[in-house]
Amino acid sequence: MRYQELSHWLSTVDETLIPRPALPGDTDADVVVVGAGYTGLWTAYYLARADPTLRIVVLEAEIAGYGASGRNGGWCSALFPTALPALARRHGPASALAMQRAMHDTVAEVGRVVAAEGIDCDWRHGGTVLLARTDVQLGRAQAAVAEAREHGLDPDDLVLLDAAGAAARCAAEGVRGGTYTPHCAAVHPAKLVRGLARAVCRLGVRLHERSPVTAIRPGAVLTPHGTVRAEVVVRATEAYTPALPGHRRTVAPVYSLMVVTAPLPGRTWERIGLAGRETFSDYRHLIVYGQRTADGRLAFGGRGAPYHFGSRVSPGYDREPRVFAALRRTLGELFPVLGPDVPVEHAWGGPLGVARDWSASVGLDRPTGLAWAGGYVGDGVGTSNLAGRTLADLVRGVVSELTALPWVGHRSPRWEPEPLRWLAINAGLRVMSSADEVERRTGRPARRATALSPLLGH
């Protein structure tokens with residue numbers, strides 16, 4: 001497999017992506033982590049930093065960053081899959097606000113580690129601008145700011161922009177306003193995950209690639225190459241979780257696809273904006289997301305690819321011509337300066353993990369030693385760091401502010417069996433897409449875009 005072909009990000013790292021040696025046979029450890037994406041590597045990193053005597057093994061089926069960590073939109077954001085009002089209803093206003101503040105702090109923490117470990121990942125803490133390009137979207141922007149104020153956030157966290165203020169950051173066509181938050185950084189995601197892998201190896205963690213896990217049990221992880229016995233087993237497999245025995249309905253893998261342009265000339269960027277490398281989106285239902293890369297490209301992605309029956313994940317699903325065409329069309333609508341045929345150099349995709357209640361979670365079942373984190377609904381670049389720090393405390397038995405956060409120990413219900421799962425998820429995707437079309441045509445909010453909208457978040 002040519003790993004460089006999986007995404008623009010993996011094609012532009014300064015290394016050959018040769019897999020590290022596989023697990024050589026049976027071994028013992030204190031902690032074994034399944035999955036070398038952000039979650040698994042952050043967990044190993046903070047455990048090794050906190051206690052260098054721990055014997056930590058990380059197992060990866062392919063290479064570090066093979067999954068979403070090497071293919072995502074590069075938003076290290078404070079977005080959390082469960083909205084503040086829902087968190088407040090479930091856990092109380094104070095816990096909800098603590099969760100959001102922890103996410104705010106997480107962005108700065110990732111930046112701190114990037115600097116401390118010398119990870120060159122094109123980090124730029126420029127915030128996020130969400131555009132409103134219709135009256136309906138402007139109403140959503142206003143409601144988002146009012147909701148933020150109601151739950152304890154202030155203008156330093158989220159501010160409403162008028163048309164001029166929004167266009168000054170991102171001059172998309174027809175901008176009527178929007179919101180801005182400083183709590184996001186643009187990043188080259190593959191450089192981040194590969195740099196993190198090197199950092200954990202420097203700390204003495206044993207990282208074995210091309211070592212697929214066939215089963216997770218209390219006290220042991222099984223692979224074709226041997227068994228790793230450990231008191232604590234951490235499942236950090238996100239969208240690939242359904243392939244594990246007993247986890248077919250734990251999360252649903254939903255695909256998100258991306259395109260990236262050739263480097264754009266300076267005069268084009270003068271018309272587009274994003275001078276601070278703000279990440280950007282708008283207030284439509286079927287989410288799109290983008291960033292200005294460090295080398296002057298537009299990287300742009302969105303939902304819309306179908307969910308595949310039985311929670312199947314396959315390299316063949318990474319490319320959906322219909323969705324790629326829609327992304328190019330949307331880019332041209334947002335930025336007419338790009339012309340009708342947007343100059344795309346690379347197109348790719350990959351799955352993200354969605355829990356049945358759209359709630360990310362992290363936890364450790366102490367009697368069995370089985371730990372987990374995931375269900376990020378596409379918000380994993382930042383959230384995985386918080387998960388790793390939290391798991392490090394849980395594994396070491398440390399009671400902290402992190403272990404008191406409301407997502408700790410949360411158990412999402414299982415997804416419905418097929419064909420109900422396939423019908424529900426794909427129906428939701430169609431509803432979101434049609435809702436945007438209805439709003440464009442009528443100028444009024446679409447009533448059908450309700451229960452499944454969280455499925456399609458950033």
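This report describes the salt bridges, aromatic contacts and internal cavity of a predicted model.

**Salt bridges**

Side chains of opposite charge can pair when their charged atoms come close. The structure holds 24 salt bridges. Three of them are set out below, with the N to O distance for each.

| Acidic residue | Basic residue | N to O distance |
|---|---|---|
| Asp 30 | Arg 55 | 3.2 Å |
| Glu 117 | Arg 49 | 2.5 Å |
| Glu 209 | Arg 194 | 3.6 Å |

The bridge between Arg 55 and Asp 30 links distant parts of the chain: Arg 55 belongs to the loop between α2 and β2 (56–59), while Asp 30 is in strand β1 (residues 27–34), 25 residues apart. Arg 55 is partly exposed, with a relative accessible area of 41%. Asp 30 also counts as partly exposed, at 24% relative accessibility.

In the second bridge, Glu 117 pairs with Arg 49. Glu 117 is located in the loop between α4 (93–116) and β4 (128–132) and Arg 49 in helix α2, so this contact ties together parts that are 68 residues apart in sequence. Glu 117 has a relative accessible area of 12% and is therefore buried, the cut-off being under 20%. Arg 49, by contrast, is partly exposed, with a value of 47%.

The third bridge joins Glu 209 to Arg 194. Glu 209 is found in the loop between β8 (206–208) and β9 (215–217), and Arg 194 in helix α7 (residues 189–202), 15 residues apart; the pair links distant parts of the chain. Glu 209 is buried, with a relative accessible area of 0%, and Arg 194 is buried as well, at 3%. Both residues take part in a network of salt bridges that also includes Glu 15, Arg 20 and Arg 198.

**Aromatic contacts**

Across the whole structure, 10 aromatic pairs are found. One of them is the stacked pair of Trp 42 and Tyr 46, whose rings lie 5.7 Å apart centre to centre, with 25 degrees between the planes. Both residues belong to helix α2 (residues 38–50) and are four residues apart, about one turn of the helix. Trp 42 is buried, with a relative accessible area of 0%; Tyr 46 is likewise buried, at 11%.

Phe 280 and Phe 335 form an edge-to-face pair, with 5.7 Å between the ring centres and 80 degrees between the planes. This contact links distant parts of the chain, since Phe 280 is in strand β13 (residues 279–282) and Phe 335 in the loop between α9 (321–334) and β16 (344–354), 55 residues apart. Both phenylalanines, Phe 280 and Phe 335, are buried.

Ring pairs also connect Tyr 3, Tyr 66 and Tyr 240 into a cluster. The charged end of Arg 71 sits over the ring of Tyr 66, at 4.9 Å from its centre. A similar arrangement involves Arg 169, whose charged end sits over the ring of Tyr 180, 3.6 Å from the ring centre.

**Internal cavity**

Rolling a probe the size of a water molecule over the atoms shows where empty space is left. The count comes to one cavity of 30 Å³ or more. The largest cavity holds about 50 Å³ of space. Its lining consists of Phe 80, Thr 82, Leu 87, Arg 90, His 91, Ser 359, Ala 360, Pro 406, Trp 407 and His 410. By class, this lining has five nonpolar, four polar and one charged residues.

Notes:
Residues are numbered from 1 along each chain as its sequence is written. This is a predicted model: local features need pLDDT of at least 70, side-chain atom pairs count only at pLDDT 80 or more; totals for chains, interfaces and linings use all residues. Side-chain values use heavy atoms; hydrogens and water are left out. On a 1 Å grid over the protein atoms alone, a cavity is a set of points where a 1.4 Å probe fits but cannot get out, and a pocket is an open set with protein on both sides within 12 Å along at least five of seven lines; lining residues have an atom within 4 Å of a point. Grid points are joined across faces, edges and corners, and a volume is the space filled by probe spheres set on the points. Ala, Val, Leu, Ile, Met, Phe, Trp, Tyr, Cys and Pro count as nonpolar, Asp, Glu, Lys and Arg as charged, and the others, Gly among them, as polar. Rings of Phe, Tyr and Trp (its six-membered ring) pair if their centres lie within 6.5 Å; planes under 30 degrees apart count as stacked, over 60 as edge-to-face and the rest as tilted. Helices (H or I, at least four residues) and strands (E, at least two) are DSSP runs, numbered from the N terminus. Buried means under 20% relative accessible area, exposed over 50%, partly exposed in between (1.4 Å probe, protein chains only). A charge sits over a ring if NZ of Lys or CZ of Arg is within 6 Å of the ring centre and within 35 degrees of the ring normal. A salt bridge is a side-chain nitrogen of Lys or Arg within 4 Å of a carboxyl oxygen of Asp or Glu.
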